[in-house]
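Me: I'm new to this one, so could you walk me through a single part of it slowly? I'd like to look at the place where the chains meet.

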Amino acid sequence: MSDNELHIMSAFDRDLEALQAHFLKLSGLAERALTDAAKALEALDSPAAERVIADDAALDELEEFIQMEAASLIARRAPTASDLRRVLAVMRGAHSLERVGDYAKNVAKRTRVLPQSAPVDGHAGTIRRMSALVTRMLDEATRALVQKDAQLAEAVRKRDLDIDQMYNTLFRSLFTYMMESPANIGPAMHLHFIAKNIERAGDHATTIAEQALYLATGRMPTDPRPKAGIETEG
Amino acid sequence: MNDMTRTGLETETATAKISARGVQVHYGQNHALKNVSVEILDRAVTAFIGPSGCGKSTFLRCLNRMNDTVASARVSGQILLEGEDIYDPRVDPVQLRARVGMVFQKPNPFPKSIYDNVAYGPKIHGLTRNKAELDAIVEASLRKAALWGEVKDRLDAPGTGLSGGQQQRLCIARAIATGPEVLLMDEPCSALDPIATAQVEELIDELRASFSVVIVTHSMQQAARVSQKTAFFHLGHLVEYGDTGDIFTNPKDPRTEAYITGRIG
């Protein structure tokens with residue numbers, strides 16, 4: 001695989017490696033934000049939620065830095081073929097990770113306003129498992145991208161189905177809860193939006209996996225994303 | 001994802017101008033070109049890229065029988081221009097070169113006036129009957145070469161007095177004055193500054209409306225900028241030939257990938 005060979009101009013390799021190191025770091029920040037947000041929710045820990053909200057600034061800053069570095073690399077090195085696809089994939093992937101950070105921040109914001117009496121018990125546990133799964137998908141998708149591993153990327157892409165199913169189950173449960181008593185509607189709506197945010201974060205992991213496939217194969221996957229539709233009948 | 005591979009391409013509908021089949025070139029013992037087969041499209045720019053000594057210039061020179069002048073060169077295989085074998089003994093190389101024009105690396109205007117430089121080809125090929133017709137060809141050629149505005153008031157001035165970029169455009173005007181069908185360019189911008197290069201590239205893009213243009217270049221960015229089709233040569237082989245957008249975003253052959261990304265292949 002010629003992509004693994006070194007460039008004649010070694011500064012080109014250094015630029016690409018630096019770009020990917022920052023991308024991996026961004027992925028680490030996004031995964032941690034998601035994990036911390038889910039933990040803060042389960043414990044209804046407002047100070048922890050505040051920290052997640054505050055930490056999002058670092059994520060935004062790093063994403064912007066990566067976009068600038070990528071633009072500079074394109075301008076100076078004029079990358080082609082797999083080098084070009086790599087830079088494009090990192091740019092798009094970084095954008096997805098920044099969005100994941102925003103979702104984690106939203107989860108934390110809603111956690112902050114959930115009353116201590118909120119019916120978080122069973123639901124928060126499911127949400128934590130969901131976010132753990134999404135976190136793992138993000139980790140594997142970014143690794144698939146950096147290591148140009150089409151197999152791993154394909155596996156991540158398939159796993160989005162699990163997230164969708166967990167979300168659907170949660171949705172049904174919250175729906176029942178809301179029908180039981182109007183007093184549950186407020187907190188259950190918050191929990192629903194939180195679950196939706198995490199489900200969206202999972203979609204972004206899938207997007208990154210698709211970018212890894214684009215890098216590895218030169219084209220986006222043409223088959224539709226595996227999707228579990230939502231069923232609203234209670 | 002194919003959006004960036006399709007810009008400016010209408011090559012799907014273009015027809016082949018030149019068909020090369022199993023072309024081999026030997027320079028004495030040296031096997032310089034190995035079994036090259038390719039269809040060069042009409043009204044499109046085709047770029048030949050590859051490291052030095054890969055055979056791209058050798059192949060370009062086959063297309064108007066420039067290798068005839070090299071005593072040790074032996075060309076075999078078939079090159080058809082509009083279905084006609086250009087190596088047929090009945091084909092007059094001089095007539096062929098009126099149909100297949102050539103522009104070289106260094107601008108090489110004759111030490112004559114701007115007018116005479118352009119008028120030379122039509123005169124020796126007897127393409128005009130009188131001065132008025134010749135004037136018209138000179139003007140049309142200089143206009144096509146995007147030089148008319150800059151030289152129309154000094155057509156009697158020596159061609160060698162122009163700037164490098166203007167000289168190269170003069171050579172292009174000279175090459176198109178005989179009404180060729182194909183224009184071969186061997187590194188036409190390597191002696192030019194970036195502004196003159198951009199002007200010649202803009203000109204090449206305009207010329208493809210009327211000609212089949214083949215350009216040999218060491219600048220991969222130039223190939224990416226001006227061509228619709230790219231052929232990559234390596235060690236005398238035509239390794240890969242395809243749409244320029246595909247070659248530069250997703251080449252099929254690892255040798256092409258290694259070359260265009262600047263790796264040790």
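Reply: Here's a walk through the contact between the chains, with a short stop at a pocket afterwards. Keep in mind that this is a predicted model.

Start with who takes part: chain A brings 22 residues to the contact, and chain B brings 16. Put together, the two chains bury about 1600 Å² between them, and 50% of that is on carbon and sulfur atoms.

Now for the charged side of things. The rule finds one salt bridge across the interface of chain B and chain A. In it, the side chain of B:Arg263 meets that of A:Asp83, at 2.9 Å from N to O. Polar contacts turn up too, with 11 residue pairs across the interface, both residues at pLDDT 80 or more.

Let's stay on chain B's side. Two helices there, α9 (244–249) and α10 (254–260), each supply at least two residues of the side that touches chain A. The largest share comes from α10(B), with four residues. By type, this side of chain B splits into eight nonpolar residues, six polar and two charged.

While you're on chain B, have a peek at the largest pocket, which holds about 480 Å³ of space. It's lined by 20 residues, and the closest to its centre are B:Arg97, B:Gly101, B:Met102, B:Arg174 and B:Ala175. On chain B, α2 (93–99), β6 (100–103), α3 (114–124) and α6 (164–176) each supply at least two lining residues. β6(B) gives the most, with four. As for the mix, the lining has 12 nonpolar residues, six polar and two charged.

Note on methods
Residues numbered from 1 in each chain as written. Chains lettered and ligands numbered in written order. Predicted model: local features only at pLDDT ≥ 70, side-chain atom pairs only at ≥ 80, totals over all residues. Heavy atoms only, no water. 1 Å grid on protein atoms, 1.4 Å probe; cavity = no way out; pocket = protein on both sides within 12 Å on 5 of 7 lines; lining within 4 Å. Points joined across faces, edges and corners; volume = space filled by probe spheres on them. Nonpolar A, V, L, I, M, F, W, Y, C, P; charged D, E, K, R; others polar. Contact = heavy atoms within 4.5 Å. Buried area = accessible area lost by both parts, 1.4 Å probe. Salt bridge = Lys/Arg side-chain N within 4 Å of Asp/Glu carboxyl O. Polar contact = N/O pair within 3.5 Å; in protein donor to acceptor, adjacent residues only side chain to side chain.
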